[in-house]
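Here are my notes from a look through this model, in the order I'd raise them over coffee. Have the viewer open while you read.

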Amino acid sequence: MTRHNPPFDHALRVLRLIPRLNRWAVASVQANRLGGELSLRQLTVLYAIREGISSPRHLARRLRVTPAVITGLLDRLERHGYVRREADPDDRRRLRMVLTEAGLTVGQQVQQALANDLATQFASASPTELKALDRALDLVERALVALENRTSTSLDCGAEEDGVEDDEETWAPPADERSPAEPRARSVRTARRKTPTKSGQK
């Protein structure tokens, strides 16, 4: 007989709700064209920057795509005036991405539209139910903060192990706009990662 474990049961419910919430949000954005000309991936980049992920390398890790893909996305967003690139004040050799007024506005508009739809569904709830929901959301948020803090260190330690190196954080044009000579940069980085030669060989 399965033992009743309320914390575990509630955790499962939260985990099951997250994909459903994400699917609804994606479908709503697409059906209502909430982002206008922007694709879902571009909106995700804007949201990530708004949440404080400002370096191209970290954006690539967040979206689980290659740095080249992020470069193309950022290039298009910059051309349309949604983001701009700035020198990182901590290391001016690197770049960080910053939302423009237009980028911030479109992100807020999408979030507002989704929140309004959810609010409509909550409108029929009683004050007691809304207070219970508020407490539950506080609990979920505290749990997520604790989990993020616990995992952030291990992610930082693994930053150099996934092939995303520091030099990939500097700006580069999308692959379709590079000159024929530029792909050589990848072969140079690859050469640095070759395995050592066997003992006795030069």
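**Notes on the predicted model**

1. Let's start inside. The largest nonpolar core counts 24 residues, and those with the most contacts within it are Val45, Leu46, Ile49, Leu59 and Ile70. At least two residues each come from α1, α2, α3, α4, β2 and α5. The largest share, five residues, is supplied by α2. Keep in mind that this is a predicted model. As background, nonpolar side chains tend to be buried together in soluble globular proteins.

2. Helix α2 deserves its own look. It spans residues 40-50, and its buried residues are Gln42, Leu43, Val45, Leu46, Ala48 and Ile49. What do the buried residues of α2 pack against? The partners are α1 (6-32), α3 (56-63), α4 (67-79), β1 (83-88), β2 (91-99) and α5 (101-122). After the helix comes Gly52, with a positive phi near 105°.

3. Leu59 is a handy residue to click on if you want to walk through the core. Setting aside neighbours within four places in sequence, Leu59 is in contact with Val45, Ala48, Ile49, Ile53, Ile70, Leu74 and Met97. The last of these, Met97, sits in strand β2 and counts as buried, at 2% relative accessibility. Met97 also has Arg85 alongside: the two C-alpha atoms are 4.7 Å apart, although 12 residues separate them along the chain.

4. Now the charges. There are four salt bridges by the rule used here. In general, side chains of opposite charge can pair when their charged atoms come close. One of the four joins Asp75 and Arg79, at 2.2 Å from N to O. I'd pause on that number when you check the side chains. Why are Asp75 and Arg79 separated by about one helical turn? Because they are four residues apart in helix α4. Are the two partners buried or exposed? Asp75 is buried, with a relative accessible area of 10%, whereas Arg79 is exposed, at 52%.

5. The strands carry a small charged network. Glu86 forms a salt bridge with Arg84 (3.0 Å, N to O) and another with Arg96 (3.4 Å, N to O). Since Glu86 belongs to strand β1 and Arg96 to strand β2, the pair ties together parts that are 10 residues apart in sequence. Shared partners join Arg84, Glu86 and Arg96 into one network. Each of the three is partly exposed: relative accessible area is 37% for Arg84, 24% for Glu86 and 29% for Arg96.

6. A quick word on Thr100, which is easy to skip. Its place is in the loop between β2 and α5, yet Thr100 is buried, with a relative accessible area of 16%; the cut-off for buried is under 20%. Which residues does Thr100 touch, not counting those up to four places away in sequence? They are Gly81, Tyr82, Val83 and Arg84. Arg84 is also a member of the salt-bridge network in point 5.

7. Finally, the outside. Leu21, Trp24, Leu118, Phe122 and Leu130 make up a nonpolar patch on the surface, with about 410 Å² of accessible area together. Two or more of its residues come from each of α1 and α5. Leu21, in helix α1, is partly exposed, with a relative accessible area of 45%.

Key:
Residues numbered from 1 in each chain as written. Predicted model: local features only at pLDDT ≥ 70, side-chain atom pairs only at ≥ 80, totals over all residues. Heavy atoms only, no water. Buried < 20%, exposed > 50% of the residue type's maximum accessible area, 1.4 Å probe, protein only. Contact = heavy atoms within 4.5 Å. Patch = residues over 30% accessible without salt bridge, like charges linked within 9 Å, V, L, I, M, F, W, Y side chains within 5 Å. Areas by Shrake-Rupley, 256 points an atom, 1.4 Å probe, with all protein chains shown as cover. Salt bridge = Lys/Arg side-chain N within 4 Å of Asp/Glu carboxyl O. Core = buried A, V, L, I, M, F, W, Y, C linked by side-chain atoms within 4.5 Å.
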